[in-house]
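Please take a moment to look over the chain before reading on, and keep the picture in view while the text leads from the whole to the parts.

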Amino acid sequence: MKAVRSITLPRRVLIGHDVLDEVGTVCGELDLGGSLVVAYDKGTLKAAGAKVLDVLRNDGFTVTAFEVTEGGPPDVDALQNTARDHGAIVAVGGGRVIDVSKAAGFMAAIPFVSIPTAASHDGIASAQASLIEEGQRHSIAAVPPVAIVADTAVIAKAPPRLYRAGCGDIISNFTAVLDWQLARRLHNEYYGEYAANLALMSATMLMENADIVATTNEEGLSIVLEALISNSVAMSISGSSRPCSGGEHLFSHALDSFAKRPALHGEQVALGTIICTYLHGEDWETVRDALACIGAPVTAKEAGLTDKEIVKALLMAPKLRKRFTILHTGITEKAARRAAEATGVIAGGGR
Ligand SMILES: [Zn+2]
């Protein structure tokens with residue numbers, strides 16, 4: 001008997017120059033009610049939050065402003081309480097604001113609208129909320145945004161480093177899918193062909209268009225935004241983050257837990273993708289070259305990490321989650337070092 005599948009997807013996605021002006025229209029068309037909470041933090045208030053507040057008020061909505069501070073569970077609780085009598089949470093962020101809004105909206109059963117101010121990771125559209133509690137990053141299951149309004153004029157002004165990290169998060173689908181296939185072969189794990197191909201397509205498209213993407217103009221930005229949103233569709237269809245999160249993501253989570261100065265999520269998964277592609281025996285050089293062309297870090301040094309931290313994270317990664325990946329195949333310290341050196345991610349001395 002086939003298991004029942006339940007797929008939740010965003011109902012409206014708007015990508016383009018100055019689409020922030022349309023946020024009220026989108027909320028109206030989706031019948032989100034007359035009162036909304038707009039969540040932001042100090043940085044995103046300037047980037048787009050103030051404009052969103054203006055647009056919504058001018059369109060006749062009653063708007064409550066909510067500032068996210070730390071981005072942890074206290075913020076989630078406070079936003080949940082604030083949002084109770086409102087029709088929706090409009091999240092203007094920044095990973096932190098989006099994650100807090102996603103979690104609060106899910107717990108209070110209130111839809112949230114995602115207004116990304118940067119294209120730095122696929123959390124802008126996904127169902128997974130990632131929260132930091134006592135220094136540890138936790139992923140909680142929520143629902144995807146009911147709508148995404150991605151204004152390329154706003155996102156183009158974000159530091160290019162964020163956008164390049166977003167490219168890393170998309171290219172990582174390559175090893176996430178290899179890991180998924182390995183788990184199917186070795187452990188008969190459920191494998192969703194459609195979701196896997198969708199995720200692979202985004203990674204391939206980005207690698208093939210690395211030169212356009214590298215220009216960081218609004219055309220490149222649209223490709224990246226579409227791919228990030230497509231990631232969330234792939235995850236929603238598969239019912240898990242499998243198509244977009246494998247060993248390279250566990251490697252990044254490990255770094256987040258102990259590295260002195262963790263790099264951005266997408267930067268860390270970029271390094272993890274190069275190493276995991278090598279471990280899978282696939283063409284890691286093409287992956288590395290595409291990342292380098294885009295301007296994402298391809299060495300520990302470029303990401304501000306130490307060689308020691310890279311090796312430690314590779315060893316810690318499989319302990320973080322049972323989800324089977326190439327890093328769960330009994331990688332020793334020597335092997336981890338060897339793979340990181342062979343791919344040039346760490347300098348080493350043995351090459
Ligand atoms: Zn990711």
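How many Å separate the centres of domain 1 and domain 2, taken over C-alpha atoms? In this model, which is predicted, the two centres lie 26 Å apart. The domain assignment of the chain places domain 1 at residues 12–155 and domain 2 at residues 160–342, and these ranges are a useful map for everything that follows.

The two domains touch, with 20 residues of domain 1 in contact with 25 residues of domain 2. On the domain 1 side of this contact, the elements that contribute two or more residues are β1 (12–16), β7 (136–141), β8 (147–151) and α5 (152–155). If the residues on that side are sorted by class, 11 are nonpolar, seven are polar and two are charged.

Two of the strands just named, β1 and β8, also belong to an open sheet, in which six strands follow one another in the order β1-β8-β5-β4-β2-β3 with parallel pairing. The edges of the sheet are held by β1 and β3 (62–67), and because each of them has a single partner strand, one side of each is left without a neighbour in the sheet. Going across the sheet, neighbouring strands are turned against each other by 15° on average, when direction is ignored.

It helps to look closely at one pair in this sheet. The strands β1 and β8 are joined in the parallel sense over five bridges, and within this part of the sheet G16 stands opposite D151 in β8. Helix α10 packs on the sheet here, touching both β1 and β8, and the direction of α10 makes about 160° with that of β1.

From helix α10 (residues 218–238) the path leads to helix α6 (residues 160–171), for the axes of these two helices come within 10 Å and cross at roughly 45°. An angle of this kind falls in none of the ranges for roughly parallel, roughly antiparallel or roughly perpendicular, and α6 and α10 are therefore oblique to each other. The crossing is left-handed. Where the two helices meet, α6 supplies Y163, G166, C167 and I170, while α10 supplies L221, V224, A227, L228 and N231, and the residues of this contact divide into seven nonpolar, two polar and no charged.

Helix α6 has another contact to follow, with helix α8 (residues 193–208), where the axes are 8 Å apart and the packing angle is about 130°; that angle makes α6 oblique to α8 as well. Here C167, I170 and I171 in α6 meet S202, A203, L206 and M207 in α8. By class, this contact has six nonpolar residues, one polar residue and no charged residues. Notice that C167 and I170 of α6 appear in the contact with α10 and again in the contact with α8.

Which way do helix α12 (residues 265–279) and helix α15 (residues 333–342) cross, and within how many Å do their axes come? The axes come within 9 Å and the crossing is at roughly 110°, which makes α12 roughly perpendicular to α15. The contact is built from I275, Y278 and L279 of α12 together with A339, A340 and A342 of α15, and by class it has six nonpolar, no polar and no charged residues.

Methods
Residues numbered from 1 in each chain as written. Predicted model: local features only at pLDDT ≥ 70, side-chain atom pairs only at ≥ 80, totals over all residues. Domains from an automatic or database assignment. Contact = placed C-beta atoms within 7 Å. Helix = DSSP H or I, 4+ residues; strand = E, 2+ residues; numbered from the N terminus. Nonpolar A, V, L, I, M, F, W, Y, C, P; charged D, E, K, R; others polar. Axes fitted to C-alpha atoms, helices over the stretch in contact; angles between N-to-C directions. Parallel < 35°, antiparallel > 145°, perpendicular 65-115°, else oblique. Left-handed = near helix turned anticlockwise from the far one by under 90°. Pairing = 2+ DSSP bridges.
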